[in-house]
Amino acid sequence: MVTFEKIKMKIWGFIVKSTRDKKFYHYIYRSYWHYLFSHSCTQKDTHINYFTARPNPGAGIGHQIANWNAGYWFAKKFGLNFAHIAFTPLTWDSFLGFGNNEPSVTELIKKEKYKIRKLPIFNEFNSESIKLIQQIIKSYSHKKIIFLCEQDQGYLNQYGVIDDIKNKFYSAPARKNDQLIYSEDNFNIAIHVRRGDIMTDSSNPNLVMRYLSNDYFEKVLKQIVDNIHTPKSVHIYFFSQGKPEDFPEFVAYTNLHWCLDMDAQDSFLHFVYADLLITSKSSFSYKPALLNNGIKVCPKNFWHGYPDSKDWILCGNDGSFDVDKLKKALSIL
């Protein structure tokens, strides 16, 4: 359904995209003009101000979590409190629990009379870019403001919020209703093979960069299975789109369970609770990997960073990885 709000967002997105690389880019923001005329203000801070980011309502849940994580991370970086904007659809809010114990933007506006001011896109690795945002924020120190990131503001190393989002996820009331097809008596491997959207246009470099072949995943899986030494029975849960016939490389594996029709939330949940998770070049498996307490085996070339820790193992594009690191990770489970 097309709404006035969606039309506004689309027009604004076009303006941002058209001016992003222009010298006058910052001048399209009300907050920047406020800074220009108020930056010499010496008034003391009189209000608790907030920072937030909108989970992109037109994107998948992995993308939306990246937006939310950016807002949460930069709220801390800029010394502000975090305010929550709901995910789309709303069922993800209760499922994830990320908004628990956080004030919502809607409540702050309605009940506390806060106003939203959007910030220009900034480069998190550029000190001058960060300094400008700090100055804009400071110029509003005597007003009740919620600073809103521009849509899809970059935040590379999403793992910076791992501890916080884990606490929220595992303490969420929704965990009482979790239902898994895993057995605790087994060593459960979840493998996510991204297909669907990336198969629609082989000439689109944005889609091609997200593709990994069946051979890649089979090579990764074989190295893992060959090096697991556990009294538990190893079971493999294969998450993708399509039919088993599309993945003939895997039919020889015993205890293989096809999960090709599982819905998004149930798939996400099983990624989180796997003893070992093999991810794709996909935010949909990277984000549950951030919540997973087991071993994560991931493609090295990805658009977000990975923690430098024993439970994260990175693969080359040919599916090779340090098997000794896997053995060490398995030994501490």
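Helices and strands here are DSSP runs, numbered from the N terminus, with at least four residues for a helix and at least two for a strand. Keep that in mind as we walk through this model, which is a predicted one.

Let's start at helix H1, which covers residues 4–19 and is home to Ile7. Together with Ile11, Phe14 and Ile15, Ile7 makes up a nonpolar patch on the surface. Add up the accessible area of that patch and you get about 380 Å². Ile7 itself has a relative accessible area of 40%, so it counts as partly exposed, a label for values between 20% and 50%.

Next comes a bit of backbone geometry. Most peptide bonds are trans, and most residues other than glycine have a negative phi. With that in mind, look at the bond from Thr88 to Pro89: this one is cis, with omega near -5 degrees. You'll find Pro89 in the loop that runs between strand E2 (81–82) and helix H4 (91–96).

Now for phi. Asp152 sits in the loop between strand E4 (145–148) and helix H7 (162–171). Its phi is near 65 degrees, a positive value although the residue isn't glycine. As for its surroundings, Asp152 is partly exposed, at 37% relative accessible area.

Further along the chain, where does Asn255 lie? Look in the loop between strand E6 (233–239) and strand E7 (256–259). Asn255 is another residue other than glycine with a positive phi, near 55 degrees. Its relative accessibility is 32%, so Asn255 counts as partly exposed.

Notes
Residues numbered from 1 in each chain as written. Predicted model: local features only at pLDDT ≥ 70, side-chain atom pairs only at ≥ 80, totals over all residues. Heavy atoms only, no water. Buried < 20%, exposed > 50% of the residue type's maximum accessible area, 1.4 Å probe, protein only. Patch = residues over 30% accessible without salt bridge, like charges linked within 9 Å, V, L, I, M, F, W, Y side chains within 5 Å. Areas by Shrake-Rupley, 256 points an atom, 1.4 Å probe, with all protein chains shown as cover. Salt bridge = Lys/Arg side-chain N within 4 Å of Asp/Glu carboxyl O.
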